[in-house]
Amino acid sequence: MIPAKEAKRLFFACLVLSSSVLCRCEGKSFPLDLAVSFPPVMCGDKVYLFSAEGRNQTLDPSEDAPSCNLFPLSPAAPPLCVDGKTYIADSSGTLFVMKDGSPEELLRLDGRIIGVYDLDGLPAVVLERRVVIPGTGEIQLPFAAVSAFRSASTLLVFGEKDGLALSGGKVSIAFGFAKGPVKAACVAGGMIAVGTDKALFILDGKKGRIRKRLHTKSEIVALVMDGDRIASASKDHMVRLLDLAGRVLWQVRVPGRPLGLWPHEKGFLTAIAAGRKMLLIDREKGAETWSFTLPEGEMIIPPSFSGSTAALFAFGSKPQPTLFLVDTPR
């Protein structure tokens with residue numbers, strides 16, 4: 001039997017331990033006065049926040065609240081951190097880079113902006129008819145681009161009926177693909193995986209021919225390379241791991257529609273749309289090994305990640321969310 005004095009000491013020790021675990025799981029939270037429209041951008045030691053109305057703010061996590069930036073910005077696509085710098089493709093047709101909390105103009109963009117992507121440590125701006133890489137040059141596209149996806153050191157660009165892969169500063173493969181619209185894509189083991197609103201296709205990485213089709217009957221929202229395997233998330237609440245022959249190695253149903261799928265050293269992270277939960281799924285068996293639940297509100301914008309830290313917004317009844325910075329398992 002444990003003496004009363006020792007039992008009391010153990011009780012308070014457990015209480016302190018449980019409190020520290022709770023704090024570590026919940027992370028830091030920052031109520032915002034900004035109606036954000038894009039995922040938070042963690043870059044260096046700052047978090048950059050953007051709205052569709054032109055307001056933008058910068059947060060130093062060591063402080064209590066973000067500071068407002070005086071220069072208005074209206075991103076045409078989600079801003080991105082590349083090599084420690086935040087890049088914004090503005091709807092005015094200008095590519096900016098943030099320096100000391102203020103945007104500096106890099107170059108003017110001509111054409112509809114599809115997105116900004118990290119390509120070998122450089123910002124690659126995909127426009128409707130070309131890809132521009134500041135300081136390197138531009139690559140003309142043989143079709144009108146409607147979507148693009150970065151996978152490892154490759155940038156996959158798709159039009160209404162065509163696709164191509166950019167790597168090493170040039171087009172490595174061009175192919176026809178009329179099964180779209182393309183919702184997600186990645187490269188894995190010399191193959192190209194393409195997700196649409198109804199199916200997942202595996203293409204030959206040399207000629208772009210379809211080798212396998214998996215009818216999901218639901219939109220693919222994310223595809224992630226895992227060595228010679230492919231992880232997918234779809235709107236029917238399913239997360240799957242497939243081999244390059246298209247065989248399903250495992251599949252698991254998550255409690256809501258995935259907002260995306262992100263690689264983690266211990267598996268795959270996903271977040272539940274219009275829900276409160278972020279999950280870590282084991283890569284070998286598909287088992288849930290960790291989760292984070294928002295104290296209140298729900299997620300409607302995908303989270304972003306820097307190292308083992310996740311940044312996510314919790315939306316309640318107001319258009320201004322609360323920002324959470326959460327440590328994921330290491």
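**Strand pairing and the largest pocket**

Y48 stands opposite T58 in β4. The model is predicted. The two strands concerned are β3, residues 46-50, and β4, residues 56-59. Their pairing is antiparallel and runs over four bridges. Both belong to an open sheet of four strands, ordered β2-β3-β4-β5 and paired in the antiparallel sense. The edges of this sheet are β2 and β5, the latter at residues 67-68. Each edge strand pairs on one side only.

Overall, the protein has one helix and 32 strands. Its radius of gyration is 22 Å, close to the 20 Å that the globule rule gives for 330 residues, so the protein is as compact as a globular protein of that length. The C-alpha trace spans about 80 × 50 × 35 Å along the principal axes. Of the 330 residues, 49% count as buried.

A further hairpin is formed by β12 and β13. Strand β12 covers residues 130-133, and strand β13 covers residues 137-140. The two pair in the antiparallel sense over four bridges. I133 has G137, in β13, as its bridge partner. Three residues lie between the strands of this hairpin. There, G135 takes a positive phi near 80°.

Another open sheet of four strands has the order β22-β23-β24-β25. Its pairing is also antiparallel. The edge strands are β22, at residues 220-226, and β25, at residues 248-253. Each of these pairs on one side only. Neighbouring strands of the sheet are turned by 15° against each other on average, direction ignored. Strand β23 spans residues 229-234. It pairs with β22 in the antiparallel sense, over six bridges. Within this pair, M225 stands opposite I230 in β23. In a regular strand, side chains alternate between the two faces of the sheet.

At the other edge, Q251 lies in strand β25. The relative accessible area of Q251 is 47%. Buried means under 20% and exposed means over 50%. Q251 therefore counts as partly exposed. V239 is twelve residues away from Q251 in sequence. In space, the two residues are 5.6 Å apart, C-alpha to C-alpha.

The largest pocket has a volume of about 1800 Å³. Its lining comprises 46 residues. L80, Y117, L261, W262 and P303 lie nearest the pocket centre. Two or more lining residues come from each of β2 (41-43), β6 (80-82), β10 (113-119), β14 (147-151), β18 (184-188), β22, β26 (258-264) and β30 (304-306). Strand β26 gives the most, with seven residues. By class, 34 lining residues are nonpolar, eight are polar and four are charged.

The pocket and the two four-stranded sheets share elements. Strand β2 gives two or more residues to the lining and is an edge strand of the β2-β3-β4-β5 sheet. Strand β22 likewise gives two or more residues to the lining. It is an edge strand of the β22-β23-β24-β25 sheet and carries the six-bridge pairing with β23.

Terms used: Residues are numbered from 1 along each chain as its sequence is written. This is a predicted model: local features need pLDDT of at least 70, side-chain atom pairs count only at pLDDT 80 or more; totals for chains, interfaces and linings use all residues. Side-chain values use heavy atoms; hydrogens and water are left out. Two strands pair if DSSP finds at least two bridges between them. Axes are lines fitted to C-alpha atoms, for helices over the stretch in contact, and angles run from 0 to 180 degrees between N-to-C directions. On a 1 Å grid over the protein atoms alone, a cavity is a set of points where a 1.4 Å probe fits but cannot get out, and a pocket is an open set with protein on both sides within 12 Å along at least five of seven lines; lining residues have an atom within 4 Å of a point. Grid points are joined across faces, edges and corners, and a volume is the space filled by probe spheres set on the points. Ala, Val, Leu, Ile, Met, Phe, Trp, Tyr, Cys and Pro count as nonpolar, Asp, Glu, Lys and Arg as charged, and the others, Gly among them, as polar. The radius of gyration is taken over C-alpha atoms; the globule rule is 2.2 Å times the number of residues to the power 0.38. Buried means under 20% relative accessible area, exposed over 50%, partly exposed in between (1.4 Å probe, protein chains only).
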